[in-house]
Protein chains: 2
Amino acid sequence: MDERKQRVLQAVVQDYIESAEPVGSRTIARRHDLGVSPATIRNEMADLEMLGYLEHIHTSSGRIPSSKGYRFYVDGLMQPTRLTEEEKAQIDHWYRARVKRIEEVFQETARLISHVTKNVALVLAPQMKKSAFRCLQFLPLDDRRSVAVLMTDAGFIENRIVAMPSGATFEDFQRMARVINDCLTGCTLDAIPKAAYRKIRSEISDENLYEAALDVISRALDDTEGRDRLYLGGTREMLSQPEFQDVERVKEILLMLEEEQLLKEILHAHLGEGLRVTIGRENDYKGIQDCSIVTATYHLDGELLGTIAVLGPTRMEYGRAMSLLGYMNEHLSDVVRRLGWQG
Amino acid sequence: MDERKQRVLQAVVQDYIESAEPVGSRTIARRHDLGVSPATIRNEMADLEMLGYLEHIHTSSGRIPSSKGYRFYVDGLMQPTRLTEEEKAQIDHWYRARVKRIEEVFQETARLISHVTKNVALVLAPQMKKSAFRCLQFLPLDDRRSVAVLMTDAGFIENRIVAMPSGATFEDFQRMARVINDCLTGCTLDAIPKAAYRKIRSEISDENLYEAALDVISRALDDTEGRDRLYLGGTREMLSQPEFQDVERVKEILLMLEEEQLLKEILHAHLGEGLRVTIGRENDYKGIQDCSIVTATYHLDGELLGTIAVLGPTRMEYGRAMSLLGYMNEHLSDVVRRLGWQG
DNA sequence: GTTAGCACTCAGGGGCAATGAGTGCTAACC
DNA sequence: GGTTAGCACTCATTGCCCCTGAGTGCTAAC
């Protein structure tokens, strides 16, 4: 793949991303200064098609990039788009004006990303179960029930009503809490060692109370599942993209977007990989093989927190999406640090 | 409006709901046994159009019901559809299989409703601020912060990290909690009387501590805002309705559905009115004046809890939607009672 | 190796007629 | 007087044809 082929590929990808129309040799010759005639470009394009970087709907339509073509473009040809200071200022302003409570951060982040990129934004909120046990405490509710409050290092707090076994007093529960605290402090919630359970067993002699303790722990952990909430925004923005003029395709993508569990899986799969682009066919899930996803993971004090992503047609402004995610990343870590995340 | 006109109107509405095509006199004569010829039906239809119950796209197309026509149908002509025992069993089964945690109830309810009605389902989860203060307690976090846990009668539990003013000890905070509990017990969160605040003021002499107490209360209440979460399901189901073959219309409705705040307002507006149908033009919001909403409020022990709704094109199976909502209503009250709602 | 020229392809759009569902009106019927 | 058959008329939809224009692929000349 010589220099000139690369320049042609770059031209095709850029023009196609901009216009959403198959691009022809003539257009490229006119709009890019390659110093050769359309005929030459035609030859190059034919070669690029042979090599799998470009595609053809039918004879006599222009070329569009294949997944492989986009991949080459993203990896090598694309010039990194930087957000302008003005754009950054606008984002900061929006954030400041809109986000009053921590719960709003994620929804607003999604909204902002979708607004800027005109694509769907996905934000996976911090995962409670990845953070470390800090302490468990009980509050009395009535004579049959009490409230278990679980706190973790990342600042998550989770509560759950638990029934007290008949005969057990609130004091028993508080004693139980002390035992659990001793044994679990520092454990990551999704990886509590067997030894910890054994230790708790050995310290709580009463059978009923031990059962209750296990119940409390498992239910507290259970709850954390639902907490890695997914925020989604910009369905409508994306539908204004020309690729979604067809109702069938719209339905297809909406079907996909309603599968929250599936989306979470996809984001989880990319967790911890920094900034990453997955293009078209590279996606494992068939429903989005004509889409691309840009994901980024945000951290707090070195601790993995969550993922933000842009999902849109393969014809996407990759550079822009990537730099935006990078910027939002910092922002998000920052806001979470500042306001403190409480689950 | 004589008997026969009503039967014709009924026939038109039913056929149109079923077929989504404008219905003509001939079709009605064939499919409904009115005992008169198409010509007679034509005359009746012309009259019904005069009276505003039917509409015409252009000469020589069949009639479709107007909002007024649907209203008359819903209020008087519609025969109440009952869910079959089989359907009920299926719903029960789905519920049992899917709902493991209380948080899932609402999402699954939305999913189920949309699945059955092929329309968008909206579920407004219980409103914390409408329930009554039960107690406030503190848990120690570290030497500068503690966790405030607020519980209400409906079983909501809400927690918040609060900074302790320098000089204040955790014991001070516990004393403060006792005062607040004494003063606020039984107050509905969104209507705390001025007198209660005065009482707190008189019992807490320390200025800093009083400030902190107000802060705790206001922030606890603040949080409750975000808690009346809206669950939404079935966008895709609705889009398979023939009225949404047009991409423009799809975008319009999606724009609407992304405005969570607006949807909440709409549901709030119908709160406490039992089972209610709002048809087409009757909607205050322009964006959905070609849609209908069926809403129902669910209760627990006489206490208002939330709203569930079906949103779809005016051509909707009203009877079915209504009986389904009625059934889900019971179910929801029941599940919330059984599992206990924790916010 | 590059380019001009030319034949060929194919989607999209406009024009046009045929089709068919449906109305509205009038005159005949019971 | 209400009901109905008959008929002219309307209009959206469909299929068809043709044209246009953008674009390719090939060949021969530069």
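Here is a friendly walk, in questions and answers, through a predicted model of protein chains with DNA strands.

User: What is the average pLDDT of chain A?
Analyst: Since the model is predicted, confidence is a good place to begin. In chain A, 94% of the residues score at least 70. The average pLDDT of the chain is 86.

User: Which element of chain A has the lowest mean pLDDT, and which the highest?
Analyst: Where pLDDT is low, predicted coordinates should not be read in detail. Among the elements of chain A, the lowest mean, 74, belongs to helix α9 (residues 207-227). The highest, 96, belongs to helix α4 (residues 67-77). In the order you asked, the two are α9 and α4.

User: How many helices and strands are there in chain A?
Analyst: Buried residues make up 54% of the 343 residues in chain A. As for its elements, the chain has 13 helices and 10 strands.

User: What is the radius of gyration of chain A, beside that of a compact globule of 343 residues?
Analyst: The C-alpha trace of chain A spans about 90 × 40 × 35 Å along its principal axes. A compact globule of 343 residues would have a radius of gyration near 20 Å. For chain A the value is 26 Å.

User: What share of the contacts in chain A between residues at least 6 apart in sequence join residues at least 24 apart?
Analyst: The contacts counted here are those between residues at least 6 apart in sequence. Of these, the share joining residues at least 24 apart is 59%.

User: Which residues come nearest to DNA strand D?
Analyst: There are 20 residues around DNA strand D. Of the strand's atoms that come within 4 Å of the protein, sugar and phosphate account for 76%. The nearest residues come from both chains: Ser25(A), Arg4(B), Thr40(B), His58(B) and Ser60(B).

User: How far is a polar side-chain atom of Ser25(A) from a phosphate oxygen of DNA strand D?
Analyst: Let's look at some phosphate contacts from chain A. A side-chain N or O atom of Thr27(A) is 3.5 Å from a phosphate oxygen of DNA strand D, and for a polar side-chain atom of Arg63(A) the distance is 3.2 Å. For Ser25(A), the distance is 2.7 Å.

User: Which element gives the largest share of the surface near DNA strand D?
Analyst: The residues of this surface divide into 3 nonpolar, 13 polar and 4 charged. With 4 residues, the largest share comes from α3(B).

User: Which residues are closest to DNA strand C?
Analyst: Turning to the other strand, 20 residues surround DNA strand C. Sugar or phosphate supplies 76% of its atoms within 4 Å of the protein, and bases supply the rest. The closest residues are Arg4(A), Thr40(A), His58(A), Ser60(A) and Ser25(B).

User: How far is the side chain of Ser60(A) from a base oxygen of DNA strand C?
Analyst: Ser37(A) has a polar backbone atom 3.1 Å from a phosphate oxygen of DNA strand C. Arg42(A) instead meets a base oxygen, with a polar side-chain atom 3.2 Å away. Ser60(A) also has a side-chain N or O atom by a base oxygen of this strand, at 2.4 Å.

User: Which element gives the most to the surface near DNA strand C?
Analyst: The surface near DNA strand C is made of 3 nonpolar, 13 polar and 4 charged residues. The element that gives the most, with 4 residues, is α3(A).

User: Is Arg42(A) buried, partly exposed or exposed?
Analyst: Arg42(A) sits in helix α3 of chain A. Its relative accessible area is 47%, and values from 20% to 50% fall between buried and exposed. Arg42(A) is therefore partly exposed.

User: Why does Ser67(B) count as buried?
Analyst: Ser67(B) lies in helix α4 of chain B. Leaving aside neighbours within four places in sequence, Ser67(B) is in contact with Ile279(B), Gly280(B) and Arg281(B), and its side chain reaches the backbone nitrogen of Arg281(B) at 3.2 Å. Buried means under 20% relative accessible area. Ser67(B) counts as buried because its value is 18%.

User: What is the relative accessible area of Val147(A)?
Analyst: Val147(A) is part of strand β5 (residues 145-152) of chain A. Beyond its neighbours within four places in sequence, its contacts include Phe138(A) and Leu139(A), along with Met151(B) and Ile157(B) of the other chain. Val147(A) is buried, with a relative accessible area of 0%.

Notes:
Residues numbered from 1 in each chain as written. Chains lettered and ligands numbered in written order. Predicted model: local features only at pLDDT ≥ 70, side-chain atom pairs only at ≥ 80, totals over all residues. Heavy atoms only, no water. pLDDT = per-residue confidence, 0-100. Near = heavy atom within 4 Å. Polar contact = N/O pair within 3.5 Å; in protein donor to acceptor, adjacent residues only side chain to side chain. Nonpolar A, V, L, I, M, F, W, Y, C, P; charged D, E, K, R; others polar. Rg over C-alpha atoms; globule rule 2.2 N^0.38 Å. Buried < 20%, exposed > 50% of the residue type's maximum accessible area, 1.4 Å probe, protein only. Contact = heavy atoms within 4.5 Å.
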